[in-house]
Amino acid sequence: MDRLDELTVFVTVLDLGSMAAAGRRLHRSPPSISRILAGLEQRLGTRLIDRTTRRLAPTESGRQFAMQARNLIAQYDALTRTATHEADQPSGMLRITAPATFGRHHVAPVLSDFLARFDNIQATLVLSDRNLDLIEAGLDVAIRIGDLTDSTLVSRKVGSVGRILVASPAYLEKRGVPRSIRDLADHDSILIESRPVTRQWRFASGPHDRRQHQVIRLTPRILANDVEAAIAIAREGSGIVQVLSYQVAKDLSAGHLVRLLPEIEPAPTAVNLISTCMSHRPAKTTAFLDFAADALARRLWTLSRSCGVALSDHLIS
């Protein structure tokens with residue numbers, strides 16, 4: 001069979017996680033998909049995919065081979081789009097998902113600017129703090145904050161956000177300012193529990209080249225299953241909350257909340273643009289990924305500057 005089709009079968013199996021799903025996508029039977037993969041592995045002389053009863057996963061050789069295969073397929077698709085002028089005319093419905101608060105404050109404005117530039121594209125924006133499965137939900141692009149666990153997804157890092165402690169000036173005037181991790185035990189904590197998690201906060205200490213992680217167990221004064229509710233409670237002076245920096249950027253700038261103990265904050269959390277694969281990627285998706293990568297990188301850089309509001313900036317002692 002055509003070698004490019006062979007590569008397409010391989011990466012589609014990885015993207016969808018099963019031969020049956022790949023067969024449906026490519027209009028081939030599962031046995032033919034299995035034969036193509038077996039022939040490819042035999043020709044290369046190495047196993048590319050580990051097969052289990054629950055899911056298919058790439059071997060180390062398979063991951064490396066998949067990376068090169070995606071690049072070759074993407075180059076071929078780019079040549080094809082250029083020849084047919086498709087690359088100059090992105091169109092159709094673009095489906096994007098993002099975390100709720102980040103999506104409202106950062107993705108929505110970027111999407112609006114993007115649509116103003118591309119008249120033939122329509123969009124659906126799904127805001128959810130759950131990591132939706134792109135294939136099952138029929139999504140083209142996701143914005144993810146945090147570690148990536150699915151090696152079959154294609155990611156592009158656009159920046160990072162910090163996980164910070166904040167409290168209101170009124171709370172700090174009443175209860176005092178914590179100067180160390182140890183001091184936090186004497187304060188009221190607000191814990192965001194949107195899904196089952198261990199009741200703890202993570203920190204880091206020591207020189208940046210030898211940072212040591214520390215964890216403190218919490219007996220929270222208040223539990224909230226919604227980020228914005230927890231922030232509102234902190235804003236009213238009821239305790240200290242740990243949040244991602246973008247979630248409180250406006251409150252920090254306005255002085256409604258104060259950033260505490262920046263010297264022990266854990267390492268920043270990556271923000272990534274995610275898509276399912278580079279093979280057969282529509283022009284609309286490529287156009288948005290390129291546009292959003294630059295726009296979100298600028299917004300995150302500005303955000304990092306605006307969130308550098310520490311205790312001394314508010315003259316609280």
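In what order do the five strands of the open sheet stand, and with what pairing? In this predicted model, the open sheet follows the order β4-β3-β5-β14-β6, and its pairing is mixed. Strands β4 (121–127) and β6 stand at the edges with a single partner strand each, so one side of each is left without a neighbour in the sheet. From one strand to the next, the twist averages 20°.

Within this sheet, β5 and β14 pair in the antiparallel sense, and five bridges join them. One of the residues to look for here is Val141, whose bridge partner in β14 is Ser275. Helix α5 lies across β3, β4, β5 and β14, and runs at about 175° to β4.

The largest nonpolar core has 29 residues, and those that touch the most other members are Phe102, Phe114, Ile143, Leu273, Phe288 and Leu296. The table lists the elements that give two or more residues to this core.

| Element | Residues |
|---|---|
| β3 | 92–98 |
| α5 | 100–117 |
| β5 | 141–145 |
| β6 | 154–161 |
| β14 | 269–275 |
| α10 | 283–306 |

Of these elements, α10 gives the most to the core, with ten residues. For a closer look at one member, Phe114 can be followed to its surroundings: leaving aside residues up to four places away in sequence, Phe114 touches Leu94, Ile121, Lys284, Ala287, Phe288 and Phe291. There is also a second, separate core of 18 residues, which includes Val11, Leu37, Leu40 and Leu56.

The next part of the picture is a pair of helices. The axes of α1 (residues 3–16) and α3 (residues 30–44) come within 10 Å and cross at roughly 110°, which means that α1 is roughly perpendicular to α3. On the α1 side the contact is made by Arg3, Glu6, Val9, Phe10 and Val13, while α3 brings Ile33, Ile36, Leu37, Leu40 and Arg43. Sorted by class, the residues of this contact between α1 and α3 are seven nonpolar and three charged, with no polar ones.

Finally, one residue of another strand can be examined: is Gln242 buried or exposed? Gln242 has its place in strand β12 (residues 240–244), and Gln242 counts as buried because its relative accessible area is 10%, where buried means under 20%. When residues up to four places away in sequence are not counted, Gln242 touches Arg163, Ile164, Leu165, Ile190, Ile192, Trp201, Arg202 and Phe203.

Notes:
Residues numbered from 1 in each chain as written. Predicted model: local features only at pLDDT ≥ 70, side-chain atom pairs only at ≥ 80, totals over all residues. Heavy atoms only, no water. Core = buried A, V, L, I, M, F, W, Y, C linked by side-chain atoms within 4.5 Å. Buried < 20%, exposed > 50% of the residue type's maximum accessible area, 1.4 Å probe, protein only. Helix = DSSP H or I, 4+ residues; strand = E, 2+ residues; numbered from the N terminus. Contact = heavy atoms within 4.5 Å. Axes fitted to C-alpha atoms, helices over the stretch in contact; angles between N-to-C directions. Parallel < 35°, antiparallel > 145°, perpendicular 65-115°, else oblique. Nonpolar A, V, L, I, M, F, W, Y, C, P; charged D, E, K, R; others polar. Pairing = 2+ DSSP bridges.
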